[in-house]
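Visitor: I'd like to learn how to read a model like this one. Could you walk me through it, starting with the helices?

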Amino acid sequence: YREQKPRKVFGRVRELRQILTEKVDGLDEAEWQRVGLHPRRGEITVHWLLDRLCDHDADHLERARDVLG
């Protein structure tokens, strides 16, 4: 991403997160609690995974704000 224009990168990330949001919007409680196997963390739920993704995105946005001013 270093060689790409920030607006283009953030636009693409926004598009991808919108697609993901649309996919998970209709999940019921049982689907949020579905378990998958992560290679390093073992069993994780859909909820756990998406929670970490939100934290991950927030961290990147904070770093980008710091770098871009």
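Guide: Happily! Helix α1 passes helix α3 in a left-handed crossing. A crossing is called left-handed if the near helix is turned anticlockwise from the far one by less than a right angle, and right-handed if clockwise. Helices (H or I, at least four residues) and strands (E, at least two) are DSSP runs, numbered from the N terminus.

Guide: Two notes before we go on. This is a predicted model, in which local features need pLDDT of at least 70 and side-chain atom pairs count only at pLDDT 80 or more, while totals for chains, interfaces and linings use all residues. Residues are numbered from 1 along each chain as its sequence is written, and side-chain values use heavy atoms, with hydrogens and water left out.

Visitor: How do the axes of α1 and α3 cross?

Guide: Axes are lines fitted to C-alpha atoms, for helices over the stretch in contact, and angles run from 0 to 180 degrees between N-to-C directions. Here the two axes come within 13 Å and cross at roughly 165 degrees. Angles under 35 degrees count as roughly parallel, over 145 as roughly antiparallel, 65 to 115 as roughly perpendicular and the rest as oblique. α1 and α3 are therefore roughly antiparallel to each other.

Visitor: Which residues of α1 and α3 meet?

Guide: Contact means heavy atoms within 4.5 Å. On the α1 side there are Pro6, Phe10, Arg17, Leu20 and Val24, which meet Leu50, Leu53, Asp57, Leu61, Ala64 and Leu68 of α3. Thr21 also has its place in α1, which covers residues 6–24. The C-alpha atoms of Thr21 and Leu50 are 10.0 Å apart in space, with their positions 29 residues apart in sequence.

Visitor: And the strands: in which sense do β1 and β2 pair?

Guide: Two strands pair if DSSP finds at least two bridges between them. Strand β1 (residues 35–38) pairs with β2 in the antiparallel sense, over four bridges. Together they form a hairpin with three residues between them. Gly36 lies in β1 and has Ile44 as its bridge partner in β2, while His38 is partnered by Gly42.

Visitor: How confident is the predictor in each of these elements?

Guide: Use pLDDT, the predictor's confidence in each residue, from 0 to 100. The chain averages 92, and 99% of the residues score at least 70. Among the elements, α3 (residues 46–68) has the lowest mean, 91, and β2 (residues 42–45) the highest, 98.
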